[in-house]
Amino acid sequence: MSRSIEEIQQEVWSLLKDAQCVYLATAEADQPRVRPVTLLNLDEKFWIATSQRSAKARQIRRNPNVEFCVPLQEECGNGYIRIAGVASIITDPETRTEIGRRIPFLTEYWTGANDPDFCLIRVTRVEVEYLKPGETDATTFMA
């Protein structure tokens with residue numbers, strides 16, 4: 001029995017945690033750059049905190065198209081969730097403060113949400129690709 005796209009979407013959202021390590025891809029000229037980051041999934045919105053001086057912030061300023069991957073592992077095999085989207089650097093002080101309060105590691109790296117080196121990035125979901133562990137065909141949907 002095949003699952004509906006709504007069931008698959010619910011399954012994907014249930015697999016995304018409030019905070020988890022993902023692999024973020026940005027572009028530097030014609031070269032992709034991938035690195036692990038902590039992705040915050042707050043109210044079904046995706047956020048990344050980094051330094052204003054980081055390579056990823058610099059790359060996003062030049063090209064906002066990003067993609068991140070959440071690897072999935074189960075006894076029956078490996079899978080993934082890939083989300084392609086558009087990243088934007090948030091400068092609104094109210095949003096920075098509101099989201100900053102919810103970042104568990106904020107004060108480990110910055111003095112607070114108003115620290116000039118604190119860079120808050122929001123990724124707007126565009127396309128999701130999901131390969132359930134143990135399956136061979138991925139499902140793609142717009143979110």
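**Buried helix faces, two strand residues and a surface patch**

In this predicted model, T50 touches K56, A57, W110, D117, F118, C119 and I121, leaving aside residues up to four places away in sequence. T50 is found in strand β3. With a relative accessibility of 5%, T50 counts as buried, because the cut-off for burial is under 20% relative accessible area. Two polar contacts involve the side chain of T50. One, of 3.1 Å, joins the side chain of T50 to that of S54. The other, of 3.3 Å, is made with the side chain of K56.

K56 and A57, both touched by T50, are also among the buried residues of helix α2, which spans residues 55-62. The buried set of α2 consists of K56, A57, Q59 and I60. Around the helix axis these residues cover an arc of only 165°, and they therefore lie on the same side of α2. The buried residues of α2 pack against strands β1 (19-28), β2 (31-42), β3 (45-51), β4 (65-74), β5 and β6.

Helix α1 covers residues 5-15, and its residues I8, E11 and V12 are buried. Seen down the axis of α1, the buried residues fall within an arc of 100°, so they line one face of the helix. The exposed residues Q10 and S14 are carried on the face of α1 turned away from the buried side. The packing partners of the buried residues of α1 are β5 (77-90), β6 (118-131) and β7 (139-142). Strands β5 and β6 thus appear in the packing of α1 and also in that of α2.

A second buried strand residue is L40, which lies in β2. The relative accessible area of L40 is 1%, and L40 is buried. Leaving aside residues up to four places away in sequence, L40 touches D18, A19, K45, F46, W47, I103 and P104. One of these contacts, D18, is 22 residues from L40 in sequence, while the C-alpha atoms of the two residues are 5.5 Å apart in space.

On the surface, V86, V126 and M142 form a nonpolar patch. Together the three residues have about 240 Å² of accessible area. M142 is placed in strand β7, one of the strands against which the buried residues of α1 pack. M142 itself has a relative accessibility of 52% and counts as exposed, because exposure is set at over 50%.

Technical notes. Residues are numbered from 1 along each chain as its sequence is written. This is a predicted model: local features need pLDDT of at least 70, side-chain atom pairs count only at pLDDT 80 or more; totals for chains, interfaces and linings use all residues. Side-chain values use heavy atoms; hydrogens and water are left out. Buried means under 20% relative accessible area, exposed over 50%, partly exposed in between (1.4 Å probe, protein chains only). Helices (H or I, at least four residues) and strands (E, at least two) are DSSP runs, numbered from the N terminus. The arc is that of the directions from the helix axis to the C-beta atoms. Contact means heavy atoms within 4.5 Å. Patches are made of residues with over 30% relative accessible area and no salt bridge: like charges are joined within 9 Å, nonpolar side chains (Val, Leu, Ile, Met, Phe, Trp, Tyr) within 5 Å. Accessible areas come from the Shrake-Rupley method with a 1.4 Å probe; for residues, only the protein chains shown count as cover. A salt bridge is a side-chain nitrogen of Lys or Arg within 4 Å of a carboxyl oxygen of Asp or Glu. A polar contact is a pair of N or O atoms within 3.5 Å; within protein, one must be able to donate a hydrogen and the other to accept it, and residues adjacent in sequence count only if both atoms are side-chain atoms.
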